[in-house]
Amino acid sequence: MKSKIEQLKNDALALLEKVSDRENLEALKTDVLGRKGKLNELMKEMMSLADDERKVIGQFANELKGSIESAFGDKERFMFEQEELRRAEDEWIDVTAPGNFPDAGHLHPVTQTMVEIEETFKKIGFTAARIPEIDWDYYVFESLNMPGDHPARDDWETFFVDGPEGPKGKLVLTPHTSNSQVRVMENQKPPIRMININRTYRRQSDTRHLSMFHQFEGLVVDRGITITHLKGVLDYFAKTYFGPNRTTRLRPHHFRFTEPSFEIDISCGVCNADPSVNCRLCKEGWMELGGAGMVHPNVLKSGGLNPEEFSGFAFGWGVERTMMMKEGMNIDDIRMLYKNDLRFVKQF
Ligand code: DAH
């Protein structure tokens, strides 16, 4: 009997030695130490022994049972430690390593320009207006001193929306942002200092023109507003947006909604408007930016204001054009801006 138990122990320890995974360890444990395991079988056999003998053998068997159990325990602990080590190795990460940043985008260069223009005017008290980009003929033309079939309308190659006319005429895709002028005057009493940046549409497309582009429109109305205020605001914008040594010049022009009207030129950043320099970039030191003028009395009237009491100035330029004229831009085709070519867009 004793040797049988001894044998069981030796067999169990030999098998235990070879076991290399938890599953087999569990199986072996059940086989040896389980309720119906080999050791219990032997214990049962012991019941048939005489009392004295059973006492001795029983003690012996219990000792062996203890040592088998502790051998299993040791093995279990060892395996657990090995697993932990392996996991630590497999799942090791360097928490101090710099992360992988997702590819972060940025605003489109035209949007950046719009934000910059708006911020520039906000600094001197202008408020941004939100005005429809599809608007009634009345706000786009009629209220701006351009009645029904006035030939001046031809300057704006306008897209009209097919559909029934409303009380304020047809719907049009705004060909300029000047529709904001009367809309703002209808909603706000002077002093008015508004900046409106919006999409505009014209039937045109070449290196300098797009059928969809953006304009920004400024309007200032109050008592005693003169051309000097206009000139001051334009020079402020030229210096803030283009650079401290830039300035503007007003050239007489004609618009139906301003009197007098001007084309605004900005001094060339390369030759600084020095006529003695034979500049390759500009025409005689100046580059054309856009239109401006003193708000026509009829437009003030459309806005419900008395032209005897109030005066104002307005200006309207292309956003893309303004951006392209910034130093170092080097964009020679306006259509590049809307090609969705990331190699281009990422440069800004
Ligand atoms: N709306 C004109 C255009 O698109 C530009 C313009 C001229 C706007 C004179 C003005 C202005 O506000 O006073 O050609």
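**Helix packing, ligand shell and backbone geometry**

In this predicted model, helices α1 and α2 are roughly antiparallel to each other, because angles over 145 degrees count as roughly antiparallel and the axes of α1 (residues 2-18) and α2 (residues 22-33) cross at roughly 175°. These two axes come within 10 Å. The contact is formed by A12, L15 and L16 of α1, which meet L25, L28 and V32 of α2. By class, this contact comprises six nonpolar residues, with no polar and no charged residues.

Helix α2 also packs against helix α4 (residues 51-90), their axes coming within 11 Å and crossing at roughly 170°. The pair α2 and α4 is therefore likewise roughly antiparallel. From α2, the residues R22, L25, E26, L28, K29, V32 and L33 take part; from α4, their partners are K65, I68, E69, F72, K75, E76, M79, F80 and E83. The contact of α2 with α4 contains eight nonpolar and eight charged residues, and no polar ones. L25, L28 and V32 of α2 appear in the contact with α1 and also in the contact with α4.

The ligand is surrounded by 16 residues, of which H176, S178, R202, Q215 and E217 come nearest. Strands β6 (212-222), β9 (286-295) and β10 (311-318) each contribute at least two residues to this shell. In terms of class, the shell consists of six nonpolar, eight polar and two charged residues. Oxygen atoms of the ligand are approached by both side-chain and backbone atoms of the protein. A polar side-chain atom of R202 is placed 2.9 Å from a ligand oxygen atom, and an N or O atom in the side chain of W156 lies 3.3 Å from an oxygen atom of the ligand. The backbone contributes through A314, an N or O atom of which is 3.1 Å from a ligand oxygen atom. Of the 350 Å² that the ligand exposes when taken alone, the protein buries 94%.

Most residues other than glycine have a negative phi, and most peptide bonds are trans. Against this background, a cis peptide bond joins P190 and P191, with omega about 5°; P191 is situated in the loop between α7 (180-187) and β5 (192-201). A cis peptide bond also links E259 to P260, with omega near -5°, and P260 belongs to strand β8 (residues 258-267). Positive phi values occur at A273, where phi is about 60°, and at N340, where phi is near 60°; neither residue is a glycine. A273 is located in the loop between β8 and β9, whereas N340 occupies the loop between α10 (319-324) and α11 (342-345).

Definitions and conventions:
Residues are numbered from 1 along each chain as its sequence is written. This is a predicted model: local features need pLDDT of at least 70, side-chain atom pairs count only at pLDDT 80 or more; totals for chains, interfaces and linings use all residues. Side-chain values use heavy atoms; hydrogens and water are left out. A residue is near a molecule or strand if one of its heavy atoms lies within 4 Å of it. A polar contact is a pair of N or O atoms within 3.5 Å; within protein, one must be able to donate a hydrogen and the other to accept it, and residues adjacent in sequence count only if both atoms are side-chain atoms. Accessible areas come from the Shrake-Rupley method with a 1.4 Å probe; for residues, only the protein chains shown count as cover. Helices (H or I, at least four residues) and strands (E, at least two) are DSSP runs, numbered from the N terminus. Ala, Val, Leu, Ile, Met, Phe, Trp, Tyr, Cys and Pro count as nonpolar, Asp, Glu, Lys and Arg as charged, and the others, Gly among them, as polar. Axes are lines fitted to C-alpha atoms, for helices over the stretch in contact, and angles run from 0 to 180 degrees between N-to-C directions. Angles under 35 degrees count as roughly parallel, over 145 as roughly antiparallel, 65 to 115 as roughly perpendicular and the rest as oblique. Contact means heavy atoms within 4.5 Å.
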